[in-house]
Every structure is written in structure tokens, then in C-alpha cells.
Amino acid sequence: FQAEDGIRAQPRSRGLGDVYKRQLLLFTDADPWSYRIYSSVAYGAIKTAHISHILATPSARYLGVTPSDIINYDLPADELSDRDKSALKSILTDPRFKSKYWRSEIELQLEINKKSEQQALAKYGLDFVTNTYLPEKLKEMKENNKPFFLAIGYVSPHLPFIQPKKYWDMYDHDKIRLAVNTYQPINSPEIAIEAQHNSAELRKNYLGIPAEGLFDESLSKDLIHGYYASVSYMDAMIGKLIEGLEEAGLRENTTIILWSDHGYFLGEHGFWCKHSTFYEAVQIPLIISSPKYSSKDNSDSFTELVDIYPTLCELVGISPPDYIQGKSLTPVLKNPETILKDEIYTRYKQGEAVIDKNYSYTEFVVAEKYLGNMLYDMQNDKKQNIDISKLPENKELVKKYSIKLEEMRNYVNKDPFQNQSN
């Protein structure tokens, strides 16, 4: 902070909550070490003293599995170690935990001699968390009458594909359709298959999976069927969460963003899981429901996950940092015909790709050593079955997209804080 007369001014004591006028939520376990994480956020800590005036947010609200939850929901818990007990007794003397709420929770924890960790919720499964635990927490937030932010991660449809039987029964096993392009794309480099993928996540972690080669029809159908069931189960759980928002009277004033961190292969090119720059791995679902915007429109605009943060900031009235690389999607929410981006970039291990409506181009580079490339016609070969990068007539196309990748590579490798005044 620089004073107008050139003399260094003392930093003002303003926390994140003060600056942005938003409630800060920190979800952790309830043990002495997580308590201290919370207190560092709320009040600052010695290790972060140089930035505590920014981080400290005394109004931060603790949201996590508590000792009271262990009692109220009859949750399983490990016993406290002697080190845990000593730390809890020390915390009782910490002025950051002098409130009635903290004293009662910590004293209760010492009394029951139990930890209170998130995995305790596993006793009743995801249905309990979605149908009971989260709705009751939402009601607490409604009563608190302050803005809130929740990041809720669903394991489904990640491996393993094990869900309640009713979701498996939604699909006719005999009608499951298998991928028709289980082969390596014609003309593509070997690195696109072996070094990038080989379905290692599935092959190395689960029984009954071949160590190499294609999966037979029976196994492939089982996996696809399980994946569909997992998607339907997740869909039902999200529905329960939205019902909880409605019952708490929060739905109409709450923005919801549903997204995934990656796409998924179900046998295409012989692949299962993710780990690639092929389209199946980089295309994801993205649904935004926000007050004042239509809930029925679709958009063909390209977007990237880095765009979600600035979008959320704009929707809730927060100015995002000027060094971030994403773009707010609110122009698309206002007018779905808006094309915010006409190309996107992605990277996995050695592969770096640029994708637009016409082509998908990937280069494989290790320590600046060029190992090969791929070019696919996304208008006529959406399944990416024929690599056309080596065709003479595409020489200029390859050069064009190679330059784009080089420019983006140079851009993202720059220090984002360079030239920042604060």
C-alpha cells in the first residue's frame, strides 16, 4: 500500500468478508488441527502475519461435521488421541475460541472422547447426506440470513460404478450400444495412445480388467451400463439437493452451476476413463441456473473451466482479480446467441490441444522436444477417427494451429502477478 505522498502507509485491517461483503464458509473436519485452520482464516495466524490483514475474516462461519453432529446423527468416530486431547485443552485457552459456540463444542468433544470427521457421514451413505444432512444445514443458513457459498462434489459417475440397484434397472442391458470406433485413429502417432492413456486408471485399480488389449463385449456392456446408472444416481442426488434449497426458501435467490472436471471415454478408440486431449475427454456438461436469467436456453459458445470463477464473481457482485485468464459467461446468459470464445485450449501430460468448431489440433511435446501431432476435421469426423495432419493440403492448417498453441503456451507460462502493483 502506497500513500499519496510516497511514504509507505500501514495496511488497512480489512478481511475478505469486509471487502466483498460476503459470508466466508470453510468446510473442514472438526478436530483440533482443523479448528486451527478455521481460526487462521477467521483471525489470522503467526505464519501468515504478513497478510493476515487480508485473510482475517472474523465473521467467517464454521461449517463442518461437529461433535454435536456425532451425537445428534449417531455417527461413528475414532477416539481422540492423547495429542488430540492436549491440543483441544490448549484451544480452550485460545482467545480466538472464546465464544459460547466453540466452548460448548470443544468441551463436548472432550466429554465424548470422539473425533468428528467428514468420513463419519459414510455410515448412512450419500442419500443421507443429500436428503437429511445438507437440507438441515441449508435451513441453518437460511435462518442465519447471510449469503453463502457451497462447493458440493459428487463422486458419481466416477469409478467404481456401484450404485443402488434401482438405477441399474432403469436401463435395458440388451439395448446398451457399444462404441463402434474401438481402434486407434488412422495415421495418429503412437504417443496419442500409449503415453497419453491406455486406460491405466481402470486397468491398474480394479479386478477382472485385462492388463492390455480391448475389452470384450460383456465387460464393455457392464461398464457402460454401470456408467449410465451412476449418472442417473447423481442426477437424483442433485434433484434432492435442489429440493432442499426449495424447502429452505433459498432456491429463487441462489445461483447453481453444475459442471464436471472432464469428459469420459466408454470404449472409443479402445479408451476408458479420461486422460487425453480427444474430444470425449475434454467435452463436459455445464449448466448455469441463476436469478434473472432464462433457465431454458442453450448456447453454442465455446467455454473453459477457467471461465466459471469470473462468472460467479460477476453474478454475486464481486470484482475478480485482473490477472485471471478466464472470461465471465454472463454475456452468454443474457444472450445465448453470443459467442464468447471461438476456440478452447487444453493440456494433458505431453499433449497440448486447441479446438474450435472446425478442427481439433494436438501437439505432443516433452521438455521442448517435439514428438508428433494430430489434426481432426470436427465437421466431418467428430469421432476423430482419421488424423489428417500429414496430408499435404493441410500443411497451412497445421501451421496455423501450431502457432496458436505456441502463443498460448507463451501466454500461460508467464507469471500472472508480473506487473501487478499490489
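# Exercises on a predicted structure

The side chains of Glu-343 and Lys-404 come together in a salt bridge, with 3.0 Å from N to O. The model in which this pair appears is a predicted one, and the exercises below work through the pair and through other features of the model.

**Exercise 1. Determine which parts of the chain the pair of Glu-343 and Lys-404 links, and decide whether Glu-343 is buried or exposed.**

Solution. Begin with the elements: Glu-343 belongs to strand 7, while Lys-404 belongs to helix 14, which covers residues 395-412. The two residues stand 61 residues apart, and the pair thus links distant parts of the chain. Next take the accessibility of the acidic partner: Glu-343 has a relative accessibility of 17%, and because buried means under 20%, Glu-343 counts as buried.

**Exercise 2. Find the salt-bridge partner of Lys-341, and explain what the pair ties together.**

Solution. The partner is Asp-307, and the closest N and O atoms of the two side chains are 2.8 Å apart. To place the two residues, note that Lys-341 lies in the loop between helix 13 (330-334) and strand 7 (343-348), whereas Asp-307 lies in the loop between strand 6 (286-289) and helix 12 (308-316), so the salt bridge ties together parts that are 34 residues apart in sequence. As a last step, consider the surroundings of the pair: both Lys-341 and Asp-307 are buried.

**Exercise 3. Starting from the salt bridge between Arg-347 and Glu-352, work out which residues are joined into one network.**

Solution. In the starting pair, the closest N and O atoms of Arg-347 and Glu-352 are 2.8 Å apart. The network is then reached through salt bridges that share partners, and these join Arg-347, Glu-352, Glu-363 and Arg-409. The two residues of the starting pair fall into separate accessibility classes when each value is read against the cut-offs of 20% and 50%: Arg-347, at 48% relative accessibility, counts as partly exposed, and Glu-352, with a relative accessible area of 12%, is buried. For the model as a whole, the count comes to 13 salt bridges.

**Exercise 4. Classify two helix pairs by the angle between their axes, namely helix 7 with helix 10 and helix 5 with helix 6.**

Solution. For the pair formed by helix 7 (residues 125-144) and helix 10 (residues 217-247), the axes come within 9 Å and cross at roughly 20 degrees. Angles under 35 degrees count as roughly parallel, and helix 7 and helix 10 are therefore roughly parallel to each other; their crossing is right-handed.

For the pair formed by helix 5 (residues 82-91) and helix 6 (residues 100-112), the packing angle is about 155 degrees and the axes are 10 Å apart. Angles over 145 degrees count as roughly antiparallel, and helix 5 and helix 6 are therefore roughly antiparallel to each other. The crossing in which helix 5 passes helix 6 is left-handed.

**Exercise 5. Locate the cis peptide bonds that precede Pro-157 and Pro-160.**

Solution. The bond that joins Ser-156 and Pro-157 is cis, with omega at about 5 degrees, and Pro-157 sits in the loop between helix 7 and helix 8. The bond from Leu-159 to Pro-160 is cis as well, with omega near -5 degrees, and Pro-160 is likewise found in the loop between helix 7 and helix 8.

**Exercise 6. For Cys-273 and Lys-292, describe the backbone and then the setting of each residue.**

Solution. Cys-273 is a residue other than glycine with a positive phi, near 80 degrees. Cys-273 is placed in strand 5 (residues 272-273) and is buried, with a relative accessible area of 1%. Lys-292, which is not a glycine either, has a positive phi of about 80 degrees. Lys-292 is found in the loop between strand 6 and helix 12 and is exposed, its relative accessible area being 85%.

**Exercise 7. Describe the surface patch that includes Tyr-183, and place Tyr-183 in the chain.**

Solution. Tyr-183, Ile-186 and Ile-386 form a nonpolar patch on the surface, and together they have about 260 Å² of accessible area. Tyr-183 lies in the loop between helix 8 (165-168) and helix 9 (200-205), and with a relative accessible area of 37% Tyr-183 is partly exposed.

Conventions. Residues numbered from 1 in each chain as written. Predicted model: local features only at pLDDT ≥ 70, side-chain atom pairs only at ≥ 80, totals over all residues. Heavy atoms only, no water. Patch = residues over 30% accessible without salt bridge, like charges linked within 9 Å, V, L, I, M, F, W, Y side chains within 5 Å. Areas by Shrake-Rupley, 256 points an atom, 1.4 Å probe, with all protein chains shown as cover. Salt bridge = Lys/Arg side-chain N within 4 Å of Asp/Glu carboxyl O. Helix = DSSP H or I, 4+ residues; strand = E, 2+ residues; numbered from the N terminus. Buried < 20%, exposed > 50% of the residue type's maximum accessible area, 1.4 Å probe, protein only. Axes fitted to C-alpha atoms, helices over the stretch in contact; angles between N-to-C directions. Parallel < 35°, antiparallel > 145°, perpendicular 65-115°, else oblique. Left-handed = near helix turned anticlockwise from the far one by under 90°.
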